[in-house]
Amino acid sequence: MMENLGLEKPSHPLITIIDVSKLAYGEDHIGKKITSDFYCIALKDKSCGLDYGRNHYDFDEGTLIFLGPDQVYSVNKAQALNEIQGWMLYFHSDLIRGTSLGDKIDQYSFFSYDVHEALHLSEQEETTITQCVDMIRTEISSRIDSHSQQVLVSTLELLLNHCTRFYERQFNTRSTHHKDIVSKVEALIKEYFNSDKLANLGLPTIQYLAECCHVSTYYLSDLLKKETGRTTKDHINDYIIHKAKNMLLNTEESINGIAYNLGFNYPHYFS
C-alpha cells in the first residue's frame, strides 16, 4: 500500500502514520485502485484525491473517518505535495491479536460506517485525538523492544475509546434527526408487512431498512440502540410479535398459518 501511495517503507511493519501533506498523485494515477488489509483512522483538513469504497466525501476540518480492512481506495483527482494537511493512521490486526483490544475490536462498529457517517470533532476533541496519535508516532519512531506492542496497543485502545465517547456526543447532538430516522424505521417495517414485499421477498432485512434510511447497517443499529435501547433486528422482531399477537387474538388462523403469513418458511422457528 505504501508503495502504491509513493511513500517509503514504514519503520514498523504493523502500524504507521502517514503525513497527508506528503501524498501526491499525478493524472496517471486517476482511477487507480488500492486495497488495504489494515484498519485506518484518518483526519484531514479537506478532501484529498482518494475515494473510499463506492463513496466520495468532502472533508470538513476536524472530520475523522474510520475504515476496516479490505477497503478499496481509488484515486479521483491529482494532488500536489503540501496541498492537504492531516494524517492517516494504519494498523494491522496482527498488532492487536491476542490482546484485549483484539478481542473487542469488532465492538468499535464505526469501522463499518460509511464515510458520510464520519465523526465531526470539536476543537478540544481534535486536540485529544491528536495527542494520542502523537504518542503513537513517538513510540513508532523508537527502537522496538519487549514493551513496544503493549504501549502501542494500549494507546491505540485509548484513542478508540475517546472516539467512542465523541461518537456518543455526536449521537446526542443529533438526537432530533435520529428520532426522525427511528420513526421512519417503524413506518418502513409496518409498510413492509402490509404490502406484498413480505410474500415476494421474505422478512425485512437490516440492509433493506438501512438503504431506505440512507445509512449503513452498523450506523442504523447503533443509532436505534442509542435512541430506543433496541437494535434494528429487535425492532423487526418486536413488530413480528405485535403482528402475531393480533392475528392470534383476532383470526381463526392456526399457528402454522400465521407463521407462514409472517414470512417464516419453517413454523418451528416462529414458536
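**Close-up views of a predicted model**

Eight salt bridges are counted in this predicted model, and three of them get a close-up below, after a look at the whole chain and at one helix pair.

**Figure 1. The whole protein, built from eleven helices and eight strands.** Let's start with the full chain. Of its 271 residues, 44% count as buried. Among contacts with a separation of 6 or more, 73% are made by residues 24 or more positions apart. The accessible surface comes to about 14,600 Å², and carbon and sulfur atoms account for 48% of that area.

**Figure 2. Helix α5 crossing helix α8.** Two packed helices are described by the angle between their axes and the distance between the axes. Here, α5 spans residues 175-193 and α8 spans residues 217-228. Their axes come within 10 Å and cross at roughly 105 degrees, which makes α5 roughly perpendicular to α8. Which residues of the two helices meet? On the α5 side you will find S175, H178, K179, I181, V182 and V185; they meet Y219, L220, L223, L224, E227 and T228 of α8. Sorted by character, the residues of this contact are seven nonpolar, three polar and two charged.

**Figure 3. The salt bridge of R97 with D94.** Side chains of opposite charge can pair when their charged atoms come close. In this view, the closest N and O atoms of R97 and D94 are 2.5 Å apart. Are these partners buried or exposed? R97 has 54% relative accessibility and counts as exposed because the cut-off for that class is over 50%. D94, at 36%, counts as partly exposed.

**Figure 4. The salt bridge of E191 with K197.** E191 lies within the residue range of α5, so this view takes us back to a helix from Figure 2. The closest N and O atoms of E191 and K197 are 3.1 Å apart. E191 is partly exposed, with a relative accessible area of 34%. K197 also counts as partly exposed, at 23% relative accessibility; a buried residue would have to be under 20%.

**Figure 5. The salt bridge of D238 with R230.** How far apart are the closest N and O atoms of this pair? They are 2.8 Å apart. D238 has a relative accessibility of 31% and counts as partly exposed. R230, at 35%, counts as partly exposed too.

Key. Residues numbered from 1 in each chain as written. Predicted model: local features only at pLDDT ≥ 70, side-chain atom pairs only at ≥ 80, totals over all residues. Heavy atoms only, no water. Helix = DSSP H or I, 4+ residues; strand = E, 2+ residues; numbered from the N terminus. Buried < 20%, exposed > 50% of the residue type's maximum accessible area, 1.4 Å probe, protein only. Contact = heavy atoms within 4.5 Å. Areas by Shrake-Rupley, 256 points an atom, 1.4 Å probe, with all protein chains shown as cover. Axes fitted to C-alpha atoms, helices over the stretch in contact; angles between N-to-C directions. Parallel < 35°, antiparallel > 145°, perpendicular 65-115°, else oblique. Nonpolar A, V, L, I, M, F, W, Y, C, P; charged D, E, K, R; others polar. Salt bridge = Lys/Arg side-chain N within 4 Å of Asp/Glu carboxyl O.
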